Structure formats: C-alpha cells, structure tokens
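Work through the exercises below with the sequence and the structure open beside you. Try each task before reading its solution.

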Amino acid sequence: MNSENSENFELYVLPLVVRIERAAPPERTDALEAAAMAVLSLLDDPGEWTAELHAWQSTGKIRKVVRRARGAEWRRAAALPGRTVEHRTAEVRVHPPVPLDGWPRDLARLQVGGTELSDTADPPPAEPPILWANPELAMSAGKAMAQAGHAAQLAWWASDAAERDAWRARGLAVSVRTAASQADFDAMVAEGLPVVRDAGFTEIEPGSCTFVADAPWLKGRVARS
C-alpha cells in the first residue's frame, strides 16, 4: 500500500508480541495464525484505539514489528494497553500503533530476534481464508508473523461488509500454510488475490511477494500487476 502524501504523516508501527517460554514455545503455524488474528481483531474493533489506528493507516503503510517475551517480560507487556489472542499453543498480544521512535519502554526492551519456531506436528486441515507463504523465501517466525498479519489485513480490506460479518462469525479465523510450489504460489498471485509485497526492511529483498491471501470471495478483487 502506498500513498503520495505519506511523507506528511509521522510513521507509525503496529507492535505485536509473541509469548515464547523456554520450556513451552508455541508451534510456528499457531503463532503465525495468532498474529494474523490479532491484527484482524484490532481492525474489526479498535475500540479506544481508533485514533491510533487511523494515524497508522493514514501513513499509507502497514508496518508491523514482532517482538518476543517470556516470564516477567510477558507480564509487563500484558499490563500495557493491548489485546491478547490465544490460539491453540500460541499467545500473541497486539498493542495500539505507536510512532516508530515512540515505543513504550517495556515493549522497546523486548528482543526482535530469537523468534525461531517450528511445527512438531501437522496443523489441522486448512480452511479459508488461507494465507499462503512463498515457499522460496526463508523467513524467521517473527518476520513471517508480520507478513501473515499484512496478508490478513489486505484480505480484510478486500472483503465487503457481508463477507466480514461471516468471517467475524467464525471468530476471524485464518489458516496459514506454505504453498506447495513456487508455481502454485505464482498462480494464486495471478488470480487477483491480495498479495503482500515486502518493503525490504529486514531479511528479504524489497518487493518480494511473501504471502497471498486465498478465499473464494477474494479472487479477482485485486488488480493484477
């Protein structure tokens, strides 16, 4: 998403915190889905953070940063304004958008790195909307969580009121999976589905297509590039 007037706005970022305890880290897929659902929760019902959400989206960017926490760090993060999504083995907290250089101290202290997670078992069968990861891009779990959040947000924007109502009735659930092949991923991109093209701040090249959001009602909603 771009805006010709984005330079007139202060850059905001959406903080996401994933709970990663040493003894019981979450499954990678669960963490990615929880991050996407946390973003959707805020978009659907910003509550008292409507002004912050507007300021963030008015920049023309949807930047998200994922940090990790455990123990006392997690308890301090949970005490700050925000909303926690619990999804199977994962807990992810979304906080209201903040200026890029204005993070609350207890969030700014959290580490961005160290979010390597894996799946120890196959996830349940996928149901739409499915957020498909590009199989040729290697991303840390934290990076992939942010990208899944982007994909969920683009899918939300591309959905009409009735589709959002139906999605809301399903608890704003999403499935996150990796495409079987690059050819499969490229074919979905060509169908006019919402596609995340990364800005290239970390880990991968600018402009890389990281995720595509797939659901029957989303096909053809986005102009093909």
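The exercises that follow deal with a predicted model.

**Exercise 1. The largest pocket**

Task: Describe the largest pocket by its volume, its lining and the elements that supply the lining.

Solution. Step 1: start with the space, which is about 850 Å³ in the largest pocket. Step 2: turn to the lining, which is made of 32 residues; Gln147, His150, Arg197, Asp198 and Ala199 are the closest to the pocket centre. Step 3: assign the lining to elements. At least two lining residues each come from β2 (64–69), α5 (141–158) and β8 (195–197). Helix α5 gives the largest share, seven residues. Step 4: sort the lining by class, which yields 15 nonpolar, ten polar and seven charged residues.

**Exercise 2. A glycine in a helix**

Task: Is Gly142 buried or exposed, and which residues beyond its neighbours in sequence does Gly142 contact?

Solution. Step 1: locate Gly142, which belongs to helix α5. Step 2: compare its relative accessibility with the cut-off. Buried means under 20%, and Gly142 has 8%, so Gly142 counts as buried. Step 3: set aside the neighbours within four places in sequence; Gly142 then touches Val66 and Thr115.

**Exercise 3. Aromatic rings**

Task: Classify the pair of Trp156 and Trp167, and state which elements the pair ties together.

Solution. Step 1: search the whole structure, where two aromatic pairs are found. Step 2: take the pair of Trp156 and Trp167, with 5.6 Å from centre to centre and 55° between the planes. Planes under 30 degrees apart would be stacked and over 60 edge-to-face; the pair of Trp156 and Trp167 is tilted. Step 3: place the rings. Trp156 is in helix α5 and Trp167 in helix α6 (residues 161–169), so the pair ties together parts eleven residues apart in sequence. Step 4: check burial; both Trp156 and Trp167 are buried. Step 5: look for a cluster, and Trp217 is found to form one with Trp156 and Trp167.

**Exercise 4. Backbone angles in loops**

Task: Where do Arg88 and Leu172 lie, and is each of them buried or partly exposed?

Solution. Step 1: read the phi angles. Arg88 has a positive phi near 50°, and Leu172 has one of about 55°; neither residue is a glycine. Step 2: find the loops. Arg88 sits between β3 (83–87) and β4 (90–94), whereas Leu172 sits between α6 and β7 (175–178). Step 3: use accessibility. Arg88, at 45%, counts as partly exposed, while Leu172, at 9%, counts as buried.

Technical notes: Residues are numbered from 1 along each chain as its sequence is written. This is a predicted model: local features need pLDDT of at least 70, side-chain atom pairs count only at pLDDT 80 or more; totals for chains, interfaces and linings use all residues. Side-chain values use heavy atoms; hydrogens and water are left out. On a 1 Å grid over the protein atoms alone, a cavity is a set of points where a 1.4 Å probe fits but cannot get out, and a pocket is an open set with protein on both sides within 12 Å along at least five of seven lines; lining residues have an atom within 4 Å of a point. Grid points are joined across faces, edges and corners, and a volume is the space filled by probe spheres set on the points. Helices (H or I, at least four residues) and strands (E, at least two) are DSSP runs, numbered from the N terminus. Ala, Val, Leu, Ile, Met, Phe, Trp, Tyr, Cys and Pro count as nonpolar, Asp, Glu, Lys and Arg as charged, and the others, Gly among them, as polar. Buried means under 20% relative accessible area, exposed over 50%, partly exposed in between (1.4 Å probe, protein chains only). Contact means heavy atoms within 4.5 Å. Rings of Phe, Tyr and Trp (its six-membered ring) pair if their centres lie within 6.5 Å; planes under 30 degrees apart count as stacked, over 60 as edge-to-face and the rest as tilted.
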